[in-house]
Amino acid sequence: MTFIKQTKKYIVVFLAVLFAWIFLRHDAFLYTNPVGQVTQVSSKRVQKITDEHNNSDIIMTQHLTIKLLNRNQSIKLTNNYAQSQIMTSKYRVGDQLLLEKIGTNMHILSLKRDATVGGLATLLIGLLLVYSKWRATSWLLFSLVLNVILFGLTLVINVQSKNVNVFLLFSVLAILLATGSLLLVLGKTLQMGITLLTTLITTAITIGILVLVLRLTNDAGVHFETMSYVTQLPVTLFMAQTIIGVLGAVMDEAADIVAMQFGMRRENATRQFSDYWHAGMSVGRDIMGTLINVLFMIFIAETMPMVFLMLRNGNNWTYIMDQIMNLGILQTVISGIGIVLAIPVTSALVGWIMSRKVSRL
Amino acid sequence: MNAIGILVIILFVLMVFVGKGQGVKAFFGLLCNFLAIFILIILINWQFNPYIVTIIMSLIILSIAIYLGSDNIEVTNTAFKTSIIVVAILMILSIVIQHFGQFQGFTTENSEELEGLSLTVGLPFGHIAMIVMVISILGAVAEAAMAISADLSEVVNRAPNMSSTSLYAHTRIIGGQILGTAINTLFFGVLGANIPLLIWFVRLRYPIAMFVNAKLLMAEVVTMLLGMLGILLSIWIAGWLIVRANIKQQKMGITHERNI
């Protein structure tokens, strides 16, 4: 019986994904730019080229017939692409394209990806709703949306005002994000207060260590200039990245440790500092390795496309490690320091507060 | 002296101080995973089949992350089984997503970095986009699977005769808590990593149409969504596996008693 009920839920999720997909494939009327769908493609192999590093690639030319979905016309475009598709892309029948009109010529701005991303997001939300209760899921989603809004506002302030202190701005953001998320997950409790405090202290110490080491070594071996998409001073941008990245991991860890220590107190309220300390350290030890791995994978995977391109361009590994993976490695190491530091900081702080409470009783 | 070198030493000292033997193992695990990714890149660069290489290296990375993370065999076995199932599902999903979304390569925003580089290198970047998606979720999947397996095995150990319905209820409660914090970790991690790109988009006043379609940004969003899905599926499947194992064990216990 329960199985049938479950199957029904999965069918609903499947239908929701399908509906989101179909809707987003037909949302061209929402766009001010022209949106078109490729209806016909004829591809022709133009030439085989070999670059100076002996990589051979094939350049193709496509003649595309595109039916505009929010204008009443059809257009023809030519598109060249290399088979490796690094900068150029191949288009297929059925692909929807975001176009731009410059003068009298249309050109392709981007593939329209909202249906793909929207479908995936719907799948995630649907499965979250099937797994946990409506209330829990909506709180989680609400906290994510709130975080995105806070984050967006910070970005706008950062861009709009000319002489804002970026480091300070993102520190404030970090405090707001941590407070907001923890309030929504734990409510206004002592447990939440302690978790927040340890999160902020650990993040501050971590950034302190980073700044100190950079000062002492004069940034030796760190190439902030290799950062991508830089529109302002890269050093502070890197600090901002690190603060936000470390914050999430430390919050996760501190929440786990504090929750366990509060459980201990519920069982027996007259424990000593050393009890809390040892228990906290032992829980922390179990989770620190896998937690560092989470951020490591994210940061390293991010650098991979560029690493491949550099390798193919005849660069050696020393150069790639130094120039391309440099900031990814630094990010991983500093996050790792934060994650490890969170364990003694949390264990000590909770132990201290709890044992003081006992002696006051 | 090199700043990164000093920070690595600080990390190592801290891990040894806090984690003792386990800290050394975790540090060693990180080095191994770095090496594994290094080998993955070399094999793909040599044009081995990207799907097979990704599957094998994912298995290696997961086993390093999980088996070096804890000593409890029951916990690690469940976590490993779970991660394999989840990563398999997500790999298929990321192939589908990559097919429709075409997230490979770079865009004009990268022009500065790409200056002087040959862009016709004969390596299919579509495959690389898929590999990036799979690799970035491995950590999150392993972490979630480990967390839920460890917590549930403690529940089972404390009350071995718990009925399967009650154990199931426990998996849901503990799962919900892990889900919240793990999703937050991933969310902040991805958000933090993309601050420069987002500032670029805001500063240059990209139209909203680009915010929901642009390749670079959507690739990151998709990675994040896949990661969250991975966390959810890990918790789900690990819970299911543990409840199933528990039912089996209780049944075996009953037949065992009968035989006596």
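The exercises below work through the domains of a predicted model and the contact between its chains A and B.

**Exercise 1. Domains of chain A**

Task: Determine which domains chain A is divided into, and describe the residues through which domain 1 of chain A touches domain 2 of chain A.

Solution: Begin with the bounds, which place residues 1-131 of chain A in domain 1 and residues 134-360 in domain 2. Next take the C-alpha centres of domain 1 of chain A and domain 2 of chain A, which lie 36 Å apart. Then turn to the contact itself, where six residues of domain 1 of chain A meet seven residues of domain 2 of chain A. Finally, sort the side of domain 1 of chain A that touches domain 2 of chain A by class, which gives four nonpolar residues, two polar residues and no charged ones.

**Exercise 2. The contact between chains A and B**

Task: State how many residues of chain A are in contact with chain B, and find which helix gives the most to the side of chain A that touches chain B.

Solution: Count both sides, taking two residues to be in contact if their C-beta atoms lie within 7 Å; with this cut-off, 104 residues of chain A are in contact with 97 residues of chain B. Then look for the element of chain A that gives the most to this side, which is helix α7 (residues 273-312), with 27 residues. Last, divide the side of chain A that touches chain B by class, which yields 65 nonpolar, 26 polar and 13 charged residues.

**Exercise 3. The fold and domains of chain B**

Task: Describe the secondary structure, extent and burial of chain B, and then examine how domain 1 of chain B touches domain 2 of chain B.

Solution: Start with the elements, since chain B has nine helices and zero strands, and they run α-α-α-α-α-α-α-α-α from the N terminus on. For the extent, the C-alpha trace of chain B spans about 80 × 45 × 40 Å along its principal axes. For burial, 55% of the 260 residues of chain B count as buried. Among the contacts in chain B with a separation of 6 or more, 81% are accounted for by residues 24 or more positions apart.

Now divide chain B into domain 1 (1-46) and domain 2 (47-111 + 122-259), whose centres, taken over C-alpha atoms, are separated by 21 Å. The contact takes 12 residues from domain 1 of chain B and 12 residues from domain 2 of chain B. By class, the side of domain 1 of chain B that touches domain 2 of chain B consists of nine nonpolar residues, two polar residues and one charged residue.

Notes. Residues are numbered from 1 along each chain as its sequence is written. Chains are lettered from A and ligands numbered from 1 in the order in which they are written. This is a predicted model: local features need pLDDT of at least 70, side-chain atom pairs count only at pLDDT 80 or more; totals for chains, interfaces and linings use all residues. Domain bounds come from an automatic or database domain assignment. Ala, Val, Leu, Ile, Met, Phe, Trp, Tyr, Cys and Pro count as nonpolar, Asp, Glu, Lys and Arg as charged, and the others, Gly among them, as polar. Helices (H or I, at least four residues) and strands (E, at least two) are DSSP runs, numbered from the N terminus. A residue is buried if 20 or more other C-beta atoms lie within 10 Å of its own, exposed if 12 or fewer, and partly exposed in between; C-beta atoms are placed from the backbone.
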